Amino acid sequence: MSLTQTEAFQRIATIRERSVIALKESKETGLKVAGTYCQYSPAELIVAAGAAAVSLCGTSQTPIPAAEKVLPRNLCPLIKSSYGFAVTDTCPFLYFADLLVAETTCDGKKKMYELLGQIKPLHLMQLPQVQNETALDSWILELKRLKERLEESFGVEITSERLRDAIRLLNEERRSLKELMDMCRLKPSPISGMELLTVLHNTGFNIDRRDNIALMDQLTAELRRRAAAGISPFTEATPRVLLSGVPVGIGSDKVVKLVEECGGSVVGFENCTGYKKLDPVDEAGDPLVAVAERYLRVPCSCMSPNPGRFELVKRLVEEFQVDGVIDLTWQGCHTFNIESHALKQFVQEQLSRPFLQIETDYSESDTEQLKVRIEAFLEILARPR
Amino acid sequence: MVSVGIDIGSTATKAVVFDGGVRGRAVVPTGWEPREAALSALRDALLQAGIAEGQVGGIVGTGYGRISLPIFDRRVTEITCHARGAHHLCPATRTVIDIGGQDSKVIALDEGGMVSDFIMNDKCAAGTGRFLQVMAGVLDETLDGLGSLAAGAEPVSLSSMCAVFAESEIIGLLAKGLEKERIAAGILDTIARRVQGLAGRIALRDTVTFTGGTANNPAICRVIAAHLGVKLHVPEDPQFVGALGAALIAAD
Ligand code: SF4
Ligand code: SF4
């Protein structure tokens, strides 16, 4: 039986559909929903407000033409897709959201949010672009502002106790997610990058976090069994790729697909879809400060400087026995495109691994050209080092 | 062992028969039937070598078409094949520049001749053999004619790298009465600048080998070498380097 046929995977594959139904029912009985777009959104505060947090980051090409009626065409596809879902009102999760929580990350996003705010109630957090003490102080104030907005909009009080509970719950989810992703450390990995991406993508829509945890733990147990029995879609010799860079999801997965169709194995996602989610919140001390510290630490290219990303790439390359790094950057994403230069030097010189940058968008128009690059890159990785 | 490499390019399909050395080779236009082109290049090359198809131990296919044919034992990208061919012809090669019909690429090789990095331009015709062909056509010249025309002329600066815009720009310049020589020099300049832009993203280490049919044109070689500030090594018959590399890989 293939992994996708197992019960755990099947249940994960249908999370979105089930979640839409659950949302509709819960909304009728008073559940509040907050939509988020970014790893900087402190989900703990939303959960502590008794609301559901759903990820609304656009990963589909479909609504982009509608977005381009307003937004520049040469903008990052993730921003266009996210906005396109709002103007076309075609995302049920966005439809159910009572409030959008957004941050001033990159220029494109923050200006898009100004437009999005005209369509839906939106709370914008001013995110500092550096990770130091002063930034932390102002970020704590921003978290307090969000807390007040949530309390006011949802008519609740976010006590320290409730925040602590939310921290524990989300940390538990991270623990579960990490154990799952860490199965890819095995050589060969018992799960393909596309399968893992399906899990990462779908679990972001589950409003029942405990269900998420149970499903992922079940899948991890299945993967352990498979690994012990020597079952894998790959062999020992399959080149192992770390995908770094911009967020990806189902619909913006073409590079992951191509790498695996061309004979590689994506063993890790060094991005906001994958490993960047796993950093836990400190459970000791003041909960709001702990949440602020955790989220300010996210190593995104919109921070300057952004040393955390280099450390994370290094760790993952070593821990996941990575043969080569692909840095995926969306067209129009200045921060990741520029940072790619320094990352290339770092990966080639410090980590002695081949590096390939791929700059593309969500459309399929360059599939053939990408194939040549990816195949050539895998040919480099396939030779004995 | 006798091995064969077939490089299906966007304009020409090349085949090389290898057995310790090049025994036969052939080039045919790719046209609309890349499969046919591959088969006829194979036939011609075998004929020249005086070798029957049954004696061939392995065939590797490569090239832009990247079409999988039943006769191929394996398909390998043109990046790996060009590097292998260039390194075989000139073991000191650390960089390969290839201007193909629909793409151009710069490939970095390590000491052992293995690909360590590469950069490709294949989004549009700018900086490719196609660009040169179209522009030569506007001037009513062959590629060789374009080269000799350009020799010694002061290049006019063309602002468009895009084949479509450059075409209308050139027609405009001709209408203004600008000398064809200066325009020809300007066209070569544009190609060189494009390659320079590509090469800027990779450390160009000596020896730089220039492959692909375009390298047959001495004027283009001169202009590119001048822009990059390096000496270019042009192997004999540069258009066969990819097919040779494929044949060498097939012999592994
Ligand atoms: S890449 Fe940066 S801006 Fe995008 S989701 Fe991650 S943290 Fe947010
Ligand atoms: S990928 Fe880049 S441009 Fe797009 S939203 Fe993220 S940081 Fe902004």
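This is a chat about two sheets, two ligand shells, two cavities and some backbone details of a predicted model.

Colleague: Before we start, what should I know about the model and its numbering?
Modeller: It is a predicted model, where local features need pLDDT of at least 70 and side-chain atom pairs count only at pLDDT 80 or more, while totals for chains, interfaces and linings use all residues. Residues are numbered from 1 along each chain as its sequence is written, chains are lettered from A and ligands numbered from 1 in the order in which they are written, and side-chain values use heavy atoms, with hydrogens and water left out.

Colleague: Thanks! What is the order of the strands in the open sheet with β1 of chain A?
Modeller: The order is β2-β1-β3-β4 in chain A, with parallel pairing. Strands here are DSSP E runs of at least two residues, helices are H or I runs of at least four, and both are numbered from the N terminus. Two strands pair if DSSP finds at least two bridges between them.

Colleague: Which strands stand at the edges there?
Modeller: β2 (52-55) and β4 (122-125) of chain A do; each has a single partner strand, so one side of each is left without a neighbour in the sheet. From one strand to the next, the twist averages 25 degrees.

Colleague: And how many bridges link β1(A) with β2(A)?
Modeller: There are 4 bridges, in the parallel sense, and β1 covers residues 33-36. V33(A), for one, has A52(A) in β2(A) as its bridge partner. Helix α8 (residues 133-154) of chain A packs on this sheet, touching β1, β3 (99-103) and β4 of chain A. Contact means heavy atoms within 4.5 Å. The direction of α8 makes about 165 degrees with that of β4(A); axes are lines fitted to C-alpha atoms, for helices over the stretch in contact, and angles run from 0 to 180 degrees between N-to-C directions.

Colleague: What about the sheet with β5 of chain A, what order does that one have?
Modeller: That open sheet has 4 strands in the order β6-β5-β7-β8 of chain A, with parallel pairing. β6 and β8 (355-360) of chain A are at the edges with a single partner strand each, so one side of each has no neighbour in the sheet. Its twist averages 25 degrees from one strand to the next.

Colleague: Where do β5(A) and β7(A) come together?
Modeller: β5 (residues 240-245) and β7 (residues 324-330) of chain A pair in the parallel sense over 5 bridges, and L242(A) stands opposite V325(A) in β7(A). Helix α12 (residues 254-261) of chain A lies across β5, β6, β7 and β8 of chain A, running at about 150 degrees to β6(A). Helix α14 (residues 307-319) of chain A also packs on the sheet, where it touches β5, β6 and β7 of chain A.

Colleague: Switching to ligands: which residues are around ligand 1?
Modeller: C38(A), Q39(A), Y40(A), T105(A), K109(A), P247(A), C272(A), C300(A) and F336(A), each with a heavy atom within 4 Å of the molecule. They divide into 6 nonpolar, 2 polar and 1 charged. In this scheme Ala, Val, Leu, Ile, Met, Phe, Trp, Tyr, Cys and Pro count as nonpolar, Asp, Glu, Lys and Arg as charged, and the others, Gly among them, as polar.

Colleague: And what surrounds ligand 2?
Modeller: Its shell is C76(A), L78(A), I79(A), C106(A), K109(A), V246(A), W330(A), C333(A) and T335(A). That makes 7 nonpolar, 1 polar and 1 charged.

Colleague: How many cavities are there?
Modeller: There are 2 cavities of 30 Å³ or more. A cavity is a set of points, on a 1 Å grid over the protein atoms alone, where a 1.4 Å probe fits but cannot get out, and lining residues have an atom within 4 Å of a point. Grid points are joined across faces, edges and corners, and a volume is the space filled by probe spheres set on the points.

Colleague: What lines the largest cavity?
Modeller: M181(A), L196(A), V267(A), G268(A), F269(A), Y275(A), L316(A) and F320(A) line it, around about 40 Å³ of space. Strand β6 (residues 265-270) of chain A gives the largest share, 3 residues.

Colleague: Last one: where is the cis peptide bond in chain A that involves P305(A)?
Modeller: It joins S304(A) and P305(A), with omega about -5 degrees. P305(A) lies in the loop between α13 and α14 of chain A.

Notes. 1 Å grid on protein atoms, 1.4 Å probe; cavity = no way out; pocket = protein on both sides within 12 Å on 5 of 7 lines; lining within 4 Å.
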